[in-house]
Amino acid sequence: MKLFELFRPIIVLSAAATAPGALAADPQVDIKTSAGTIRLELYPAKAPKTVANFLQYVRDGHYDGTIFHRVIDGFMIQGGGFDAQFRQKETRAPVENEAKNGLKNDLGTIAMARTSAPHSASAQFFINVKNNDFLNAASAQDGWGYAVFGKVISGLDVVMQIAKVPTGQGGPFPRDVPRETVLIEKMTLVSEKK
């Protein structure tokens with residue numbers, strides 16, 4: 001038996017264990033909403049600062065009682081910044097933009113919302129409801145893009161249901177606000193890398 005053949009299975013197993021989405025290797029978070037539960041898998045190997053930032057907000061209970069305040073069918077659903085009375089929640093300092101990590105703003109991925117300033121993301125996030133290539137670093141007008149840090153692994157039907165709710169004016173926003181509140185009741189860390 002050649003030495004290479006002896007070690008080959010180990011090499012294959014190592015590669016599988018570190019790939020995004022590897023079984024039980026990446027933290028998972030449940031988003032319990034008034035429309036149903038969405039489970040996310042996060043990728044700290046690709047977006048370490050973004051995932052750490054998001055998980056700290058989850059642990060702090062920041063997202064509990066917030067709403068999806070911006071919903072655009074055929075684009076994305078955005079939440080995590082406002083309560084049901086449209087009071088903006090306080091946030092920590094912004095996180096460095098990690099959009100150049102190879103992950104794409106494809107259907108079912110979660111990314112950080114930000115202003116036009118590349119490194120302005122704090123707590124707000126969005127879930128893509130279609131492939132949004134123009135949000136990727138390689139395609140973005142500003143050269144930065146929006147940092148994807150995970151994906152929906154169950155509850156994509158809930159995401160799509162939220163995307164289809166009727167919207168209009170609400171609080172300080174002139175459009176894209178669900179006419180019936182879509183509440184994030186609770187976010188819970190379900191599993192994490194040991």
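## A hairpin to start with

Strand 1 and strand 2 make a hairpin, and two residues sit between them. This is a predicted model, so keep that in mind as you look around. Strand 1 covers residues 28-33, while strand 2 takes in residues 36-42. The two run antiparallel and are joined by six bridges. To spot the pairing, look for Ile 31: its bridge partner in strand 2 is Ile 38.

How covered is strand 1? Mostly covered, it turns out: five of its six residues are buried.

## The other partner of strand 1

Strand 1 also pairs with strand 10, which spans residues 183-191. Here again the strands run antiparallel, with six bridges between them. Two pairs are handy for finding your way. Val 29 has Leu 189 as its bridge partner in strand 10, and Lys 32 stands opposite Lys 186.

Strand 10 has a link to strand 3 (residues 66-72) as well. That pairing is antiparallel too and rests on two bridges. In one spot to look for, Thr 66 is matched with Ile 184 of strand 10. If you follow these strands by eye, it helps to know that side chains in a regular strand alternate between the two faces of the sheet.

## Two unusual backbone angles

Which residues have a positive phi without being glycine? Phe 86 is one of them, with phi near 65°. You'll find Phe 86 in the loop that connects strand 4 (76-83) to strand 5 (109-112). Its relative accessible area is 24%, so Phe 86 counts as partly exposed.

Asp 176 is another, with a positive phi of about 70°. Rather than a loop, look in strand 9 (residues 173-178) for Asp 176. Is Asp 176 buried or exposed? Its relative accessibility is 16%, so Asp 176 counts as buried; the cut-off for buried is under 20%.

## A serine tucked into a loop

Ser 122 belongs to the loop between strand 5 and strand 6 (125-128). Being in a loop doesn't leave Ser 122 out in the open here: its relative accessible area is 15%, so this serine is buried.

What does Ser 122 touch, leaving aside neighbours within four places in sequence? Its contacts are Asn 53, Tyr 57, Thr 91, Arg 92, Pro 94, Met 112 and Ala 113.

## The enclosed space

How many cavities of 30 Å³ or more does the structure hold? Just one. The volume of the largest cavity is about 60 Å³. Among the residues lining this cavity are Thr 50, Val 95, Glu 96, Met 112, Arg 114, His 119 and Tyr 146. By type, the lining divides into six nonpolar, three polar and three charged residues.

## The open pocket

The largest pocket holds about 190 Å³ of space. Its lining includes three phenylalanines you can pick out, Phe 75, Phe 126 and Phe 134, along with Arg 70, Met 76, Gln 78 and Leu 135. In the pocket lining, seven residues are nonpolar, one is polar and two are charged.

Arg 114 and Tyr 146 are worth a second look. Both are listed in the lining of the largest cavity, and both turn up in the lining of the largest pocket as well.

Terms used
Residues numbered from 1 in each chain as written. Predicted model: local features only at pLDDT ≥ 70, side-chain atom pairs only at ≥ 80, totals over all residues. Heavy atoms only, no water. Helix = DSSP H or I, 4+ residues; strand = E, 2+ residues; numbered from the N terminus. Buried < 20%, exposed > 50% of the residue type's maximum accessible area, 1.4 Å probe, protein only. 1 Å grid on protein atoms, 1.4 Å probe; cavity = no way out; pocket = protein on both sides within 12 Å on 5 of 7 lines; lining within 4 Å. Points joined across faces, edges and corners; volume = space filled by probe spheres on them. Nonpolar A, V, L, I, M, F, W, Y, C, P; charged D, E, K, R; others polar. Pairing = 2+ DSSP bridges. Contact = heavy atoms within 4.5 Å.
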